[in-house]
Each structure stands twice: as C-alpha cells, then as structure tokens.
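Here is a short report on one chain. Please look at the fold first, then read on for its sheet, its cores and two selected residues.

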Amino acid sequence: MNEGTIWLAATPIGNTEDASPRLRAALEQADWIGAEDTRRLKALCQRLGVTYRGRVVALHDHNEAERGPELIERAAAGETVLIVSDAGTPTVSDPGYRLGQLAIARGVRLRPIPGPSAALAALSVSGLPSDRFTFEGFVPRKEGEGRRRLEQLQADPRTQIWFESPRRTARTLALMAEILGENRPAAICRELTKTYEEVLRGTLAELSAQVGEDLRGEITLVVGGAVLDGTEPLPVERVHQLVAKGMRLKDAAAEVARQTGARKNDLYRAALATSPTE
C-alpha cells in the first residue's frame with residue numbers, strides 16, 4: 001500500500017469468503033482504520049484471521065464531520081488511512097462521502113479497494129435490465145416524502161435499486177405498486193450471500209401481496225423502469241414545471257429527456273402544444 005493515501009475498501013455483505021486479498025492486506029498494513037462500527041470490524045478481522053496493527057477509530061454518520069479532518073491530516077502527513085463500512089462499499093448509503101470531499105479539497109489521494117456491493121449483487125440476479133440503472137438508497141420513511149420521491153421517478157426508464165428495512169418492505173411495495181404501476185416488474189433480494197439468501201421476482205402487485213410484515217434480513221429492492229414505447233404518456237408536465245421556474249422550453253425538454261429517456265423532440269412538441277396561454 002502506498003503511504004499518504006486514504007483507501008476506501010469494500011467489505012463482505014454476508015459471506016466472509018468474499019473478502020479480497022487486497023482488503024486483507026490493507027487491514028494488516030494501515031496506520032489508521034476508520035470503521036463504521038469498530039466492534040464489527042474487529043469481528044470481521046477475527047473471522048478473516050487478520051491482525052491489524054493500526055489504530056482503529058469510529059467513523060460514522062454522527063461523527064464523520066468531526067473525525068474526518070483528523071484522518072485526512074494523518075494521510076497528508078504520510079500515514080496510510082483505511083476506511084471501511086459495516087458491509088459493502090463506503091460512501092454508498094454508508095459513511096465516507098463527506099470525508100472523501102474533504103480529502104479531495106485537501107489534495108489527499110483517494111483510492112478504492114473494490115469488492116462486494118449489495119446494490120450491484122441484487123441488480124445482477126434480479127433479471128431486470130442492467131444497461132441503465134439508478135441507485136436510490138433508502139426509501140424516505142415518511143410516506144409523503146416517499147410518495148414524492150416515487151412520483152419523481154414515475155417516468156424514469158432506468159432500473160431502480162433501493163435499500164429498505166424488512167419491517168417497511170410490505171408498505172413500500174404497496175406504495176410502489178400504487179405510484180409506479182401494479183404491473184411494473186421487480187425483485188426482492190434478501191440476505192444476499194448469506195445462508196438464507198432469497199430472490200423473489202414478480203410484478204409489484206404480486207410481490208406486495210406475497211410479502212408480509214414478518215419479513216426478516218437485509219433487503220434490496222430492484223424495480224424495472226418505465227416503458228416509454230409510445231403507449232405511455234410523455235412526462236410533459238415536468239417540462240412545464242421547469243419552464244415555470246425560468247428554464248427555456250427547449251432546455252427544459254432536453255433536461256426531462258435526459259432524465260426519463262423520452263425523445264427530446266417529442267417532448268418539445270407536446271409541451272409547445274400544451275403550453276398554458278396567458
């Protein structure tokens with residue numbers, strides 16, 4: 001490992017055997033290790049048979065702004081700093097983003113140690129299109145906020161990847177079926193790489209009816225994108241909303257086309273034909 005670097009390392013999401021040789025070496029060689037949960041890190045090292053020599057400190061959402069600058073200065077001084085989350089890749093719905101931004105501003109080099117990712121693992125086994133996708137993180141807990149987020153994605157043709165807690169999965173699927181459409185294809189990926197790994201596939205309506213409140217384990221939802229084949233209405237209202245905020249009609253049509261995959265010229269003509277008259 002090169003000194004004077006902050007390494008962002010992916011850790012297993014369930015199966016310890018998924019730990020890469022680079023992760024093992026980094027744990028052994030780092031001068032400082034910032035861990036989302038120090039107890040989980042120590043348990044992982046025990047399972048891997050790895051002995052770390054560096055100092056382990058907690059780095060999580062509640063102290064990243066405070067602890068991050070200290071670790072950055074350690075790296076700037078020539079020490080090797082390793083950042084790990086509880087499972088998967090740091091910064092992906094896990095701590096590390098704010099530290100990374102500060103490191104870049106400070107001129108400290110960031111390097112990845114790639115590996116397990118629940119989002120990509122779920123996408124790979126979902127059976128849904130993977131050429132274009134968007135990672136949405138956790139569904140907002142408040143129903144109103146969750147509803148607004150889903151409405152924003154209603155016409156997006158990209159496959160969506162979501163994290164969700166098991167106790168809220170049934171409610172989320174019902175809300176998705178209501179807003180995105182009951183026939184939208186989806187997959188529930190549960191406990192990936194673990195003993196009770198399970199993937200359920202079907203429409204949002206089918207999965208909503210199949211899943212109860214007693215679901216357990218780590219959940220990743222993969223939802224198919226909107227099909228813009230000419231039979232689905234164009235998201236013209238979104239163009240009008242951008243125009244109302246001061247954007248030119250042509251630019252607004254281009255922006256919505258970029259977001260949704262609809263044809264820019266079709267959007268422009270439809271918006272022009274439906275523009276409110278003064």
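β8 and β9 pair in the antiparallel sense, over 6 bridges. Pairing here requires at least two DSSP bridges between two strands. Pro185 stands opposite Thr203 in β9. Helices (H or I, at least four residues) and strands (E, at least two) are DSSP runs, numbered from the N terminus.

The model is predicted: local features need pLDDT of at least 70, side-chain atom pairs count only at pLDDT 80 or more, and totals for chains, interfaces and linings use all residues. Residues are numbered from 1 along each chain as its sequence is written, and side-chain values use heavy atoms, with hydrogens and water left out.

**The sheet**

β8 and β9 belong to an open sheet of 5 strands, ordered β6-β7-β10-β8-β9, with mixed pairing. β6 and β9 are the edge strands; each has a single partner, so one side of each lacks a neighbour in the sheet. Neighbouring strands are turned by 15° against each other on average, direction ignored. Helix α7 packs on the sheet and touches β7, β8 and β10. The direction of α7 makes about 10° with that of β10. Such angles run from 0 to 180 degrees between N-to-C directions, with axes fitted to C-alpha atoms, for helices over the stretch in contact.

At the other end of the order, β6 (residues 133-138) and β7 (residues 159-164) run parallel, joined by 5 bridges. Gly137 stands opposite Trp162 in β7. From β6 the chain passes through helix α6 (residues 143-152) to β7, in a right-handed β-α-β crossover. Right-handed means that, with the strands pointing away from the viewer, the path from the first strand over the helix to the second runs clockwise.

**Cores**

The largest nonpolar core has 21 residues. Such a core is a set of buried Ala, Val, Leu, Ile, Met, Phe, Trp, Tyr and Cys residues joined through side-chain atoms within 4.5 Å. Trp162, Met176, Ile188 and Leu204 have the most contacts inside it. α7 (166-180), β8 (185-190), α8 (204-210) and β10 (219-223) each supply at least two residues. α7 gives the most, with 7 residues. Another core, of 18 residues, lies apart from this one; Ala19, Leu23, Ala35 and Leu44 are among its members.

**Two residues**

Which residues does Gln160 touch, not counting those up to four places away in sequence? They are Thr134, Leu153, Leu180, Arg184, Leu221, Val222 and Val223. A contact means heavy atoms within 4.5 Å. Gln160 lies in β7. Gln160 counts as buried, because its relative accessibility is 0% and the buried class is under 20%, with exposed over 50% and partly exposed in between (1.4 Å probe, protein chains only).

Glu197 sits in the loop between β8 and β9 (198-203). Its relative accessible area is 46%, so Glu197 is partly exposed. Beyond four places in sequence, Glu197 is in contact with Arg190, Glu191 and Leu192. Glu197 and Gly217 are 20 residues apart in sequence and 9.2 Å apart in space, C-alpha to C-alpha.

**Whole chain**

The chain has 11 helices and 10 strands. Accessible areas come from the Shrake-Rupley method with a 1.4 Å probe; for residues, only the protein chains shown count as cover.

| Property of the chain | Value |
|---|---|
| C-alpha trace along principal axes | about 70 × 45 × 30 Å |
| Buried share of the 278 residues | 44% |
| Exposed area | about 14,900 Å² |
| Carbon and sulfur share of exposed area | 47% |
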